[in-house]
Amino acid sequence: MDIAKENSPKFSRFHDLMKFRVRDILLVSTAYDAFVLEEDGRLSEQIFSEYLDLNLQFAPRIKRVSTAEEAFAALKKRVYDLIITMPRIGDTDPLEFGRFIKEAYPGKPVVMLAYDNISNDMVEEIRKTKYIDRVFYWSGDSKIFLAIIKYVEDSFNIEEDSKLGVQGILVVDDSPWYYSQFLPIIYTEIMKQTRYLITHAVNDLHRNLRMRARPKILLAETYEEAVDIICRYRNNLLGIISDVGFPIDGKRDKSAGFKFIEYVKGEIIDLPILLQSGEVENREKAREINVGFLSKTSPSLMHELRSFILNNFGFGDFVFKYPDGSVIARASDISHFEAVIRDLPEESLNYHAGNNHFSRWFRARTEFEIADELRPIRLSDYSSSEEVRKVILDCLERYFMGFQSGVIVEFGLSRMDMESSFIKLGGGSLGGKGRGIAFFNSLLSNSDLLSKYTDIRIKTPRSFVICSGVFEEYMETNNLQEMAVNSTNEEEIAASFLSAALPQKIVDNLRMLIEAAHYPLAVRSSSILEDSHILPFAGIYKTYILPNNDPDPKVRLKQLTDAIRLVYASVFSQSPKQYAQNADLRIEEEKMAVLIQQLVGEYHGDVFYPVVSGVAQSYNFYPISYMEANEGIVSLALGFGKTVVEGEQVYRFSPVYPKMNPPYASPSEFLRKSQLNFYALDLSDSSKQLVTDDGCTYRKLDLKRAEQDGVLRNIASTYSSENDAINDSYMAAGPKVVTFAPILKYNLVPLADIVKDLFQMNKYAFGTDVEIEFAINIPTDRSKKAEFYLLQVRPLVVGKEAVEVKIDETTAGDLICESCHTIGNGIYQDIHDIIFVDRSSFETSKTTKIAAEIGILNKQLFNENRKCILIGFGRMGTSDPWLGIPLAWSQMSQAKVIVEADLDILAVEPSLGSHFHHNLTSLKMGYLHIGKVGTRRESVNWEWLEQAPVYEKTEHVKLIRSDKPFQVRIDGRRGVGVILKPE
C-alpha cells in the first residue's frame, strides 16, 4: 500500500502553466521611430512602469536595432522571445523582414507596431502571408506594449494551459487600429482582477496559481479564425467581444458578427457576448438576440467596455441581484459567497443559477474544479430552489475540504470550521510544532491512509499558528528582551509579559477566532528550536489548555491572549535558559511561534477529556524480552497526555505485539502499577485567571469518574483476586485495570496498525526516527465513528553509534555502576562530580524536597561551570512524586550522565515517552537504568559511594568530588555501560 504518495502536492499540476514568457524583445526601428516611441521616456522604463503598476514580475528587456542586418546579428548572439518591427526599416520592407525571420527562426513571434495608418492592402497581405503575426497601432499609450507582450504569451500558452482549465476571452475584430485601442483596456482589467484575486488568495501557493492561471485573450480577425477558436476552446471561454463586420471567406461581411453569434449560440448556451459597431441600427438587432451592444462612436466607449467586462465576465465581487437588477449583497471571497448563499432569496438564487453566473465567477477566479461542478446546474433538474441551494452548498463544502486539506492558509481568507484545517496568523516561521503539524497535514492529504481505515477518522485538530514574526514584534514593541534575558525571577518575567500588549492586528484576528471557536483550546509553544531535527527542545516551554466556555467573549479572548503571553514568557524561564546553555545555544536567538489547537476530547459534565492519549516512538530505547529496538514503543494513558509526557504511570506496548501483556511478575503487580488517576480539563470555572503554572486548568480524577462517564469500559479489564488473574471482561466483578485490551486485543480501534503506518510514513518523510503524540476519541454515542488525532510529530534523536565503544572486562572493585539497559554511545570524560541521593534517608513522600536539594547542588555546579553524574531513584523528571524525583530541567541541568536506580520500595519502568527522556537523548546525555534485583551486570556500588569523602551535602543528597575524572563508557550497539572509579 502506498501510504505516502510521491510528488503529489496540491496545485502541482499548475506549476507548468505559462511555460512561455517574453523576457527579451528585439525592436527593429529607425532612430526617428524610436524617438517617437520614447517621447515620454525610455521605452524600457515605460514598460517597467506598466508592469510595476499592475504588480507584474519579470518586466522584459528591450534591445533596439535599426536594420534587418543588425537584427540578424543580434539574433545570433542572443535568444529573443519577441520581435517588434516598425513599418519602416532601413534596409528592407517589414514583410520581407518577417519572411526572413520566419524562414530562419520558425515559430518566432513577429508583430508590427505602427503609429501612422498603413494601407488596407498591406494589412490584407500581412493577413494572407502570415509573415507578421499581428499589426498593432501606437497611439501614445505605453499600455499597448503590455497588451502586445501578454497577447503573444497567451497565443503560445493557451493550447496547453486550457487543458488545465485556464479561461479565455475571445475578441473578434479585423481593425488593428481599433483592437489596439481596447485590448490594453481588457488586459488592464484582467491584470487588476488578477491582482485583486492575489490579495484574496489563502497562501503563497494559491497566489502563484492565480497569477499563472489568469484569463487569456484570444484574438481573431476573420470568421474562420473565430469559429476555429470556438471549436478548440468552447469550454474555456468567459465571454466574447465581437465586431459586427469582418471577413468571411476572404471578403468583408457587414453582418459577419450576427452570423457568428448565431453559430455560437448553437454551440454554447449562456455565454456573455458583446457586439461592437459604429452603426447604431445594430443596437436593436443585438437586443433582439439578447446580447450586449457597444457603439464604437460612444464618447464613453472605454468606460462602457470596462463595465461590461466587470458585470458579465465574473470579475470583481459577486453581486447578488434580483432579476430586475436590484442589489442584495456582494461577496468579495468564497467564504463570504458561501455565507450569502445560505440565506439568499429564492428568486435571486434561481436567477443566478439559471444564467450560469456562479460558475462563471469561479472560472474568473481560477477555481476551475468548482466552476465545472456548478456549470451543469439546471433548475429544471430539481424539485425546489432549496434543493438547488443544497447542491451548491455541498459543492462549496467539498471545495473547502479539498482546498484547505493539507494546505497552510492565511487567517481571514479561509474557513475556520474545516476539519484538519491549518491557518496561520502573521509572518515568520511556524516553529517546530506548527511545522510538524502542517507537514503531517500535507502528508495525510496525499496518502492512502484515510481510505485504508474506513471505520475511524484520522485527522489533526483544527490548528492556528501565530508565526514567530509576531513574537519578535511583541518583544521589540514592548522592550522586553533585555529584562527577560537577564532576569532570573520567573514571576517577574511573567508579570511583565502579561502587562505587555500584543500587536493589535493579532488581537483583532484572535477576537474573530474566539467568535468562531466554540470548543476548548490548547495553546502550545512552537519555537524555532523546539522539535528541530538537530536538537529538539521538548516540553521545556509552557502549554495551556482553556475551557473557552465563558458566555462573555471578552473573557475568553483575555484567557487566550494571556495564555499566548505566558507561552512567550516561558522562553525565558530557567529551564530553557540552562538547556540552551548546555547545548551551546543563546536563548536570545530563540524565536517563538504559538500553536492554538482545538482540544481533543468529549464533554462529561464539568470536565472534558479524551479516552486515550499516547506517545509513539519509532525507536525503542529500552527493548525487553521479545521486543526489538526498531519496532518502536507506544505509551498510552486515559485522559490527557500530561500523564505520559510528565513520566507518570502509563501502559506501554510494542505495536508489533499489541496483544502481549507487559512483563510484570504477577497480575497483582500489574494492578499495582497500572494507571489509577487521569487528567481532565476543568470546565467549572469558565473565567479562571491563568497563572504561570500551566497545569492550573487541569483536574486530576480517579478511575471511578471515568467509569461514571461511560469511558472506562473502552479501555479496562478486571482483576480477579480469587485466582490472581486479569480478566479482559469489563463486566466481571472486581477492581478495574487500565489495560486498553478492548483496543489492543479486540480492535475496538485499529491502533497498532495505524501507529505502524504512521511510523512508516513519517520515518520516510523525516529521514529519521520520529516521536508522535496523539489522542483518540471514542464517542459515547456508538453510532459515531472513533477519531484518531495526530497532535504532534517530531524527529527523534537516536544515537548514531558510528564509533564503537569497547568495554573491557572489569572487576567489581573498579566499578561505581554497571548496567545492561542504557541510552547513549561514547566515552564521557572530564566529569569530576557525582550527585547522588542517600539511600538511608530516601522516602517516596520526600521526593519533592529531594528534588529541591538536588537543585541546590546543581546550582552550585552551574556557577562553577562543572558537569556531573546524577544518581537517583525511580523516574527522574516525573510530575508524580510517588514514581520518582520530580526534577525540573533547571534542577538537573549540569548532569551529563543520569542513573535511575530501583529500590525495594520504588521500582518503576524507565521514563520512556516523557519530555524528560526526549531531551535527555537530544542532548546526547548518558543514561543507565539499574533494576531492583542487583546482578553483576546491573548494580550500583553503594558502599563505595557512601564511603567517599563528601564535598557538599543536604539532608537527603550528597555531592562527591574527585581530582581525577570519573569515566563513563556506554556501548550503544549493545546497550551496556559502566561508570568507573577514578584511576
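Analyst: In this predicted model, helices (H or I, at least four residues) and strands (E, at least two) are DSSP runs, numbered from the N terminus. With that naming, M660 falls in the loop between β26 (651–653) and α27 (667–673).

User: Is M660 buried, partly exposed or exposed?

Analyst: Buried means under 20% relative accessible area, exposed over 50%, and partly exposed in between. M660 has a relative accessible area of 39%, so this residue is classed as partly exposed. M660 also belongs to a nonpolar surface patch of about 230 Å², which is made together with V656 and Y657.

User: Where does V244 lie, and is V244 buried or exposed?

Analyst: V244 is also a loop residue, placed between β8 (237–243) and β9 (246–248). Its relative accessibility is 2%, so V244 counts as buried. One spatial relation may be added: V244 and K254 are 10 residues apart along the chain, and their C-alpha atoms are separated by 6.4 Å.

User: I turn now to strands. Which way do the side chains of β21 point?

Analyst: In a regular strand, side chains alternate between the two faces of the sheet. In β21, M592, V594, I596 and Q598 point one way, while A593, L595 and Q597 point the other way. Both sets are buried. Strand β21 spans residues 592–598 and is mostly covered, with 7 of its 7 residues buried.

User: Which strands pair with β21?

Analyst: Two strands pair if DSSP finds at least two bridges between them. Strand β18 (residues 463–466) is joined to β21 by 4 bridges in the antiparallel sense. Within this pairing, I466 has V594 as its bridge partner. Strand β19 (residues 521–527) is likewise antiparallel to β21, over 7 bridges. There, A522 stands opposite Q597.

User: What is the burial of β19, and which strand is joined to β19 by 4 bridges?

Analyst: Strand β19 is mostly covered, as 7 of its 7 residues are buried. L521, V523, S525 and S527 point one way, and A522, R524 and S526 the other, both groups being buried. The strand joined to β19 by 4 bridges is β20 (residues 543–546), which runs antiparallel to β19. A522 appears here again, standing opposite I545 in β20.

User: What is the strand order in the open sheet that contains β29, and which strands stand at the edges?

Analyst: The order is β30-β29-β31, an open sheet of 3 strands with antiparallel pairing. The edges are held by β30 (725–727) and β31 (736–738); each has a single partner strand, so one side of each is left without a neighbour in the sheet. Neighbouring strands of this sheet are turned by 40 degrees against each other on average, direction ignored. Strand β29 (residues 716–720) is joined to β31 by 3 antiparallel bridges, and S717 has V737 as its bridge partner in β31.

User: Finally, how many disulfides are counted?

Analyst: A disulfide is a covalent bond between the sulfur atoms of two cysteines. The cut-off applied is a pair of cysteine sulfur atoms within 2.5 Å. By this rule the count is 0.

User: Are C395 and C868 buried or exposed?

Analyst: The cut-off used for V244 applies again, with buried meaning under 20% relative accessible area. C395 has a relative accessible area of 2% and is therefore buried. C868 also counts as buried, at 2% relative accessibility.

Key:
Residues are numbered from 1 along each chain as its sequence is written. This is a predicted model: local features need pLDDT of at least 70, side-chain atom pairs count only at pLDDT 80 or more; totals for chains, interfaces and linings use all residues. Side-chain values use heavy atoms; hydrogens and water are left out. Buried means under 20% relative accessible area, exposed over 50%, partly exposed in between (1.4 Å probe, protein chains only). Axes are lines fitted to C-alpha atoms, for helices over the stretch in contact, and angles run from 0 to 180 degrees between N-to-C directions. Patches are made of residues with over 30% relative accessible area and no salt bridge: like charges are joined within 9 Å, nonpolar side chains (Val, Leu, Ile, Met, Phe, Trp, Tyr) within 5 Å. Accessible areas come from the Shrake-Rupley method with a 1.4 Å probe; for residues, only the protein chains shown count as cover. A salt bridge is a side-chain nitrogen of Lys or Arg within 4 Å of a carboxyl oxygen of Asp or Glu.
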